[in-house]
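Please find below some numbered remarks, set out for a colleague who will want to check each of them against the coordinates. They move from one pair of strands to the chain as a whole, and then to single residues.

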Amino acid sequence: IVQPRSAQEVSLTLSTLVDSNDDSPQCQFAVRSGGHSTVLGSTNADYAVTIDLSMLNRTVYHPESSTASVQPGARWKSVYKA
């Protein structure tokens, strides 16, 4: 399991996994957001790297436009609170 804390870390993780496919069998990975199961083996791919986005859980409300920026690991309780 990889738990990136920024978009840059997500990019680095994906680049590393994809680049490793050039010299070896395809490296499988699955992406998990904040609300999905944390049970080992619950990804869509066997023997895969799980990219867990639960650390990317910030929500910012923008009152001037009545919109919100919600990161992929956010849970609805915190989104509604913001």
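Which residue does Arg32 stand opposite in strand 2?

1. The residue that stands opposite Arg32 in strand 2 is Asp52, and this should be read with the caution that the model is a predicted one. The side chains of Arg32 and Asp52 meet in a salt bridge, with 3.1 Å from N to O. The pair links distant parts of the chain, since Arg32 belongs to strand 1 and Asp52 to strand 2, 20 residues apart. A search of the whole structure finds 1 salt bridge. As a general matter, side chains of opposite charge can pair when their charged atoms come close.

2. Are the two partners of this salt bridge buried or exposed? Arg32 counts as buried because its relative accessibility is 9%, and the cut-off for that class is under 20%. Asp52 is likewise buried, because its relative accessible area is 5%.

3. The strands that carry the pair, strand 1 and strand 2, run parallel and are joined by 4 bridges. Along strand 1 the side chains alternate, in that Ala30 and Arg32 point to one face and are buried, whereas Phe29 and Val31 point to the other face and are not. For Val31, which has its place in strand 1, the relative accessible area is 51%, and the residue is therefore classed as exposed, the limit being over 50%.

4. Seen as a whole, the protein chain contains 2 helices and 4 strands, and from the N terminus on these elements follow the order α-β-β-β-β-α. Of its 82 residues, 21% count as buried. The accessible surface of the protein chain comes to about 6,200 Å², and 52% of that surface belongs to carbon and sulfur atoms. Where contacts between residues at least 6 apart in sequence are considered, 33% of them join residues at least 24 apart.

5. Which residues make up the largest nonpolar core? This core has 5 residues, namely Val10, Leu17, Ile51, Leu53 and Leu56. Leu17, one of these core residues, is in contact with Cys27, Phe29, Val49 and Ile51, once its neighbours within four places in sequence are left aside. In soluble globular proteins generally, nonpolar side chains tend to be buried together.

6. On the surface, Leu14, Val18, Phe29 and Val31 make a nonpolar patch of about 310 Å². The elements that give two or more residues to this patch are helix 1, residues 7-19, and strand 1, residues 29-32. Phe29 and Val31 thus appear here again, having already been noted as pointing to the face of strand 1 where the side chains are not buried.

7. Two loop residues before and after strand 1 may be examined together. Cys27 is found in the loop between helix 1 and strand 1, and it counts as partly exposed because its relative accessibility is 22%. The C-alpha atoms of Cys27 and Thr16, which are 11 residues apart along the chain, are separated by 10.0 Å. Tyr47, for its part, lies in the loop between strand 1 and strand 2, and it counts as exposed because its relative accessibility is 84%. The C-alpha atoms of Tyr47 and Gln28, 19 residues apart along the chain, are separated by 7.4 Å.

8. Strand 3, residues 59-62, and strand 4, residues 67-70, run antiparallel and are joined by 4 bridges. The bridge partner of His62 in strand 4 is Thr67. The hairpin formed by strand 3 and strand 4 has 4 residues between the strands, and within it Ser66 takes a positive phi near 55 degrees. That value deserves a second look when the backbone is checked, as Ser66 is a residue other than glycine. Ser66 is also exposed, because its relative accessible area is 55%.

9. A last point concerns Ala68, which is found in strand 4. Ala68 touches Val60, Tyr61 and His62, not counting residues up to four places away in sequence. Ala68 counts as partly exposed because its relative accessibility is 44%. The C-alpha atoms of Ala68 and Ala82, 14 residues apart along the chain, are separated by 8.5 Å.

Conventions
Residues are numbered from 1 along each chain as its sequence is written. This is a predicted model: local features need pLDDT of at least 70, side-chain atom pairs count only at pLDDT 80 or more; totals for chains, interfaces and linings use all residues. Side-chain values use heavy atoms; hydrogens and water are left out. Buried means under 20% relative accessible area, exposed over 50%, partly exposed in between (1.4 Å probe, protein chains only). Contact means heavy atoms within 4.5 Å. Accessible areas come from the Shrake-Rupley method with a 1.4 Å probe; for residues, only the protein chains shown count as cover. Patches are made of residues with over 30% relative accessible area and no salt bridge: like charges are joined within 9 Å, nonpolar side chains (Val, Leu, Ile, Met, Phe, Trp, Tyr) within 5 Å. A salt bridge is a side-chain nitrogen of Lys or Arg within 4 Å of a carboxyl oxygen of Asp or Glu. A nonpolar core is a set of buried Ala, Val, Leu, Ile, Met, Phe, Trp, Tyr and Cys residues joined through side-chain atoms within 4.5 Å. Two strands pair if DSSP finds at least two bridges between them.
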